Amino acid sequence: NAGEGGRIGDNMTLRGFYSFGDLYLDGIRDVAQYNRETFDIEQLEVLRGSAAMLFGRGQAGGVINRVSKPPRLVDRTTLTTTIGTQDYGRVVADMNKVTGQDAALRVNLMKTEGGSTRDDVQTNREGIAPSFRWGIGTTDEFSVGALYLKTRNTPDYGVPFYKNRPLDVSGDTFYGTTSDYEDNETTLLTGSWKHRVSSDTVIRSLIRAADYQRDVWLTAPRLQNPTDATVADGTAVVRRSGNHRGGEEHTLTVQSDLSTKFATGALKHEVLGGVEFLKERAARWTYRLASGETAPVTTVGNPNSSPAMPASYGNTEKLSRSTYSGDTISVFAQDAIEFLPGWKVLLGIRHDKMNADYSNGAVVDYGENSYRSSLSFQPDDTQHYYLSWTDSFNPTADLYQFSTTTETYPAERSRSLELGAKWDLYEGDLSLRAAVYRAEKDWERNTDIETASTNALLSKKRHTNGIELEAAGRITSRWEVFFGWTAMDAKVDEAAPGRNPNIAGMRPRNTPPFAWNLWTTYKLDAHWKIGGGIEAKGPRLAYGVGGSNPITPNVAPGYRRVDAMVAYEMPKYTLKANLLNVFDTLYYSSVYENGGHAVPGTGRALQLTAEVQF
């Protein structure tokens with residue numbers, strides 16, 4: 001998100017459903033609005049389906065969990081430097097030092113600067129993530145860690161739509177201004193304790209305090225006359241509407257869980273239970289701008305990104321400050337029961353109790369259950385078959401808008417039914433997966449903060465029927481491959497009260513009918529490796545849901561993007577070249593959900609990376 005609807009930061013889409021409320025760091029909710037980083041991340045976990053039984057309130061698509069790099073009992077330092085076209089530069093340091101028999105310190109550092117294949121769009125990021133762990137491998141293991149991340153980016157609204165398609169201009173055309181900025185400052189402090197009662201029983205407790213600060217100052221390009229015939233010759237006027245706002249969020253999370261294994265007669269149990277407390281405090285505001293002090297207009301064919309600005313442009317006097325305060329207490333338990341050799345049934349329930357207050361006088365009080373169940377059959381170590389069902393809820397109290405005092409709607413409910421299988425071939429070197437599913441959502445909320453005060457709902461009911469196929473691993477000792485393909489039949493089943501009834505039967509916004517990706521590498525010899533891949537998506541719709549007239553949606557066309565890589569690998573160092581978007585394909589990576597604009601993705605770019613370990 002580039003600031004549209006007042007929202008910035010990461011927002012991936014899983015199975016046709018947005019996921020910015022389902023982002024986690026080390027299993028702890030991390031849903032604030034900011035652009036996350038990977039310099040301190042060991043791995044990314046994508047758990048598809050309604051996962052709220054374990055994680056609490058959530059969506060129908062799934063959960064994305066980032067796992068931090070933990071200190072380990074080994075002395076090792078890795079330095080990585082990347083340079084590229086568009087003045088791109090990035091330096092990452094990962095330093096791990098053993099400090100005692102069972103203790104270690106790890107520090108990750110990052111600095112990134114550079115432009116992009118979009119004119120005048122800049123990125124500046126810096127971060128530090130120290131962590132200390134002691135009692136490693138003993139009965140009681142402790143860790144403390146911190147993350148500080150600061151970003152200053154150029155928000156990019158891309159290009160407006162014209163005749164229901166993105167404006168036909170070069171992929172580097174930028175209609176914003178060099179005065180635009182998006183600032184984020186994120187500070188996280190985390191402590192954990194793991195107590196091993198026995199080889200089968202573990203208690204884990206975590207506490208995290210988080211502080212998020214953000215400011216957004218940007219311009220949204222819109223054609224002054226969307227039907228103007230002068231668009232073709234480039235003289236049509238592009239106006240720049242302002243979107244200037246800020247926000248802050250403060251959270252405190254405490255959670256503890258117990259996992260254990262035991263048997264009752266012929267039944268074998270794997271039990272997980274826990275409690276969680278979440279305190280959230282947030283504020284959002286706009287900045288006052290005097291009449292007539294918007295950014296000057298420009299033209300389609302000759303955009304000026306550095307126009308003379310009004311004298312008081314950039315005034316950060318706060319206006320319309322709204323506050324939110326919420327407390328959530330949750331308990332959950334699940335049991336995976338093996339009742340016959342290879343056969344397991346899983347049953348789980350979670351209860352979330354949430355109370356929230358708003359500065360406008362609105363009060364939200366939710367007490368909701370989430371459920372999870374599955375039947376699985378694993379005849380041997382190479383194959384697994386399962387049928388799962390989940391039913392979760394999301395209050396949406398903090399994520400989308402500050403609730404009005406006059407409208408009260410039920411919490412969002414999400415259900416998912418999935419049938420799947422996984423096979424391991426070539427002694428585990430190659431994994432195959434297949435799944436079919438149906439995901440449903442009731443009382444879907446609006447993610448557009450600007451209009452949600454009067455139009456909180458998007459749809460009353462919608463669903464996605466989908467198929468997923470995946471392959472990952474080694475086909476031979478030299479040839480590695482990752483392939484994923486999905487087809488999605490998504491539909492709005494029923495319009496929300498007060499919304500355009502004509503959205504019923506339409507494909508939901510920003511949901512392609514299919515998507516697939518392929519990445520493969522091949523070792524030429526002991527040191528040289530080559531690789532390439534394709535990312536593909538079908539067309540995505542963008543439209544508003546107000547009014548009562550038939551809807552003609554804007555469409556971002558489907559695309560295929562090709563990337564390539566060559567690497568020289570030695571035990572202590574690696575040299576690598578990545579060519580992004582080999583054929584310089586014009587495609588749109590982001591589509592604003594209300595249909596205002598589409599953002600072109602990365603054009604052709606070259607990056608050279610050197611990594612050394614010692």
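**Exercise 1. Work out how lysine 344 is exposed and which partner its side chain meets in a salt bridge.**

Lysine 344 has a relative accessible area of 28% and is therefore partly exposed, where buried means under 20%, exposed over 50% and partly exposed in between, with a 1.4 Å probe and protein chains only. The model is predicted, so that local features need pLDDT of at least 70 and side-chain atom pairs count only at pLDDT 80 or more, whereas totals for chains, interfaces and linings use all residues. Residues are numbered from 1 along each chain as its sequence is written, and side-chain values use heavy atoms, with hydrogens and water left out.

Next, take the partner: the side chains of glutamate 270 and lysine 344 meet in a salt bridge at 3.0 Å, N to O, the term requiring a side-chain nitrogen of Lys or Arg within 4 Å of a carboxyl oxygen of Asp or Glu. Glutamate 270 lies in strand S17 (residues 267–287) and lysine 344 in strand S20, so the pair ties together parts that are 74 residues apart in sequence. Glutamate 270, at 35% relative accessibility, also counts as partly exposed.

**Exercise 2. Trace the pairing of strand S20 with S21, and of S21 with S22.**

Strands are DSSP runs of E with at least two residues, numbered from the N terminus, and two of them pair if DSSP finds at least two bridges between them. Begin with S20 (residues 343–358) and S21 (residues 363–380), which run antiparallel and are joined by 15 bridges; within this pairing, leucine 346 stands opposite serine 374 in S21. The hairpin of S20 and S21 has four residues between the strands, and glycine 361 takes a positive phi near 95° there.

Then follow S21 to strand S22 (residues 383–394), with which S21 pairs in the antiparallel sense over eight bridges. Serine 376 stands opposite tyrosine 386 in S22, and the hairpin that S21 and S22 form has two residues between them.

**Exercise 3. Decide whether aspartate 94 and arginine 106 are buried or exposed, and locate their salt bridge.**

The structure holds 43 salt bridges, and in one of them the side chains of aspartate 94 and arginine 106 meet at 2.7 Å, N to O. Aspartate 94 belongs to strand S8 (residues 88–100) and arginine 106 to strand S9 (residues 103–114), so this pair ties together parts that are twelve residues apart in sequence. As for accessibility, aspartate 94 is buried, and arginine 106 is buried as well.
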